Amino acid sequence: MKKIIYPLSILISILIISCKTSTVSIDVLKPAQINIPGDHEKITVINRSLPGKGSKGGNFVEGLFTGEGIHQDKNASYNCVNNFASSINDAPKYKANFAENFELSGTGTKEWPLPLDWDTVAKITNYYNTDLLIILETFDSDSRYFSDIQNYTTTVDGQKVQKQKYKEGVEIYIDAGWRIYDPAKKQIIDQNSFRDSKIWEYTAETQSAAKNKIPSKREAVDQAGAFAGFMYASRISPTWVTEPRTIFKTRNDQMKLAFKYVRQNNWKDAYQIWSQLQSSEDNKIAAYALHNLALYHEFSDNIDMAINSANEAYKKFPNDYTARYINILNGRQAEINRLNEQLK
């Protein structure tokens with residue numbers, strides 16, 4: 001369930017990681033890495049990375065709605081642009097329109113095509129009634145397969161036995177070049193090429209079993225292309241990312257009950273228990289309860305109270321979990337200040 005209050009959406013999931021702690025997952029709105037100048041709201045996104053079929057990239061009339069769609073062997077570039085637009089639309093700053101049936105011819109390589117002329121840019125943005133034109137100008141992929149043998153010792157029938165595990169993996173590199181056209185100012189306000197990579201690696205008792213878990217190259221490239229689209233979205237727009245948080249679940253029966261409520265997504269009753277335990281004479285119990293109260297406040301979009309509770313928890317009982325969480329919360333406070341600037 002997604003709950004939106006401020007620049008934060010909550011999606012709770014529980015993963016058991018130890019007898020003392022678990023993790024909850026939270027969807028956090030991260031600020032963009034760069035600020036696009038101007039008060040732009042609507043974006044048209046086009047894939048120009050594919051090689052042409054005799055048409056010229058700047059010809060708007062010939063390029064509009066050819067009906068041919070995206071080349072099947074270039075699904076990865078389509079996924080890149082589609083996921084870029086989806087990630088933009090999931091966030092509150094921009095609205096993006098992926099003109100997927102609109103075709104502009106590019107080089108089909110890492111080499112940049114010449115920029116579009118401004119008459120063409122204006123025609124495209126006027127047609128879609130948008131403020132900016134963002135184009136995937138170049139797209140290329142590369143792959144690296146790797147393998148390793150890991151030796152380990154185990155006990156079989158009371159005897160120590162040397163065994164081996166096989167690790168197989170693939171890393172896909174995506175080189176994507178983007179331009180942002182501002183038709184009102186007739187300026188290219190951003191032009192950059194980025195290399196992003198995605199890794200799959202699996203371990204099994206036999207080499208063939210490990211290899212069989214690796215996705216096909218086409219599937220891996222498709223997924224890596226989508227990942228590259230998300231990464232560019234995060235550079236120019238606030239985007240949602242999922243982050244883990246540590247929660248204390250044991251120390252006494254009340255802490256266990258509160259954790260049970262959390263697993264049921266019943267944070268209200270868990271909050272009541274932690275509020276009572278924060279005054280416990282047992283400093284560990286009080287610290288664990290205060291740490292969990294900090295989580296509750298973060299999930300409620302009250303970062304100041306979360307920081308206060310986490311600091312109190314660390315004073316009661318210093319520990320690495322709370323120390324790391326304090327650093328996370330301080331970072332989130334700085335990010336929220338940047339978000340306020342970007343979203344106003």
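This tour moves through a predicted model, from the whole chain to its sheet, then to a pair of helices and finally to one residue.

**The whole chain.** Start with the entire protein chain displayed as a cartoon, where there are ten helices and ten strands. Of its 344 residues, 46% are buried, and the chain exposes about 17400 Å², of which carbon and sulfur atoms supply 46%. If contacts are restricted to residues at least 6 apart in sequence, 72% of them join residues at least 24 apart.

**The sheet.** Next select β5 to β9, five strands that form an open sheet with mixed pairing, in the order β6-β5-β7-β8-β9. The edges are β6, at residues 95-98, and β9, at residues 187-204, each of which pairs on one side only. Looking from one strand to the next, the twist averages 30°.

Within this sheet, narrow the selection to β5 (residues 42-47) and β7 (residues 132-156), which pair in the parallel sense over five bridges. To find one particular position in this region, pick N47, whose bridge partner in β7 is L136.

**Helices on the sheet.** Now add helix α2, residues 75-90, which lies across β5, β6, β7 and β8 (159-182) and runs at about 155° to β6. Helix α3, residues 118-128, also packs on the sheet, where it touches β5, β6, β7, β8 and β9, and its direction makes about 80° with that of β7.

**The α2 and α5 pair.** Keep α2 in view and add helix α5, residues 217-236: the two axes come within 7 Å and cross at roughly 35°, and the crossing is right-handed. On the α2 side, show the side chains of the residues that make the contact, namely N75, A76, N79, C80, N83, F84, S87 and I88; on the α5 side, the residues to show include R218, V221, D222, F227, F230, Y232 and I236. Which classes of residue make up the contact of α2 with α5? Twelve are nonpolar, six are polar and two are charged.

**A buried alanine.** Finally, centre the view on A270, which has its place in helix α7, residues 267-277. Is A270 buried or exposed? A270 has a relative accessible area of 0%, and because buried means under 20%, this residue counts as buried. Leaving aside neighbours within four places in sequence, A270 is in contact with A258, Y261 and V262. As a last step, draw the C-alpha to C-alpha distance from A270 to K256, which is 9.8 Å for two residues that lie 14 residues apart in sequence.

Definitions and conventions: Residues are numbered from 1 along each chain as its sequence is written. This is a predicted model: local features need pLDDT of at least 70, side-chain atom pairs count only at pLDDT 80 or more; totals for chains, interfaces and linings use all residues. Side-chain values use heavy atoms; hydrogens and water are left out. Two strands pair if DSSP finds at least two bridges between them. Helices (H or I, at least four residues) and strands (E, at least two) are DSSP runs, numbered from the N terminus. Axes are lines fitted to C-alpha atoms, for helices over the stretch in contact, and angles run from 0 to 180 degrees between N-to-C directions. Contact means heavy atoms within 4.5 Å. Buried means under 20% relative accessible area, exposed over 50%, partly exposed in between (1.4 Å probe, protein chains only). Accessible areas come from the Shrake-Rupley method with a 1.4 Å probe; for residues, only the protein chains shown count as cover. A crossing is left-handed if the near helix is turned anticlockwise from the far one by less than a right angle, and right-handed if clockwise. Ala, Val, Leu, Ile, Met, Phe, Trp, Tyr, Cys and Pro count as nonpolar, Asp, Glu, Lys and Arg as charged, and the others, Gly among them, as polar.
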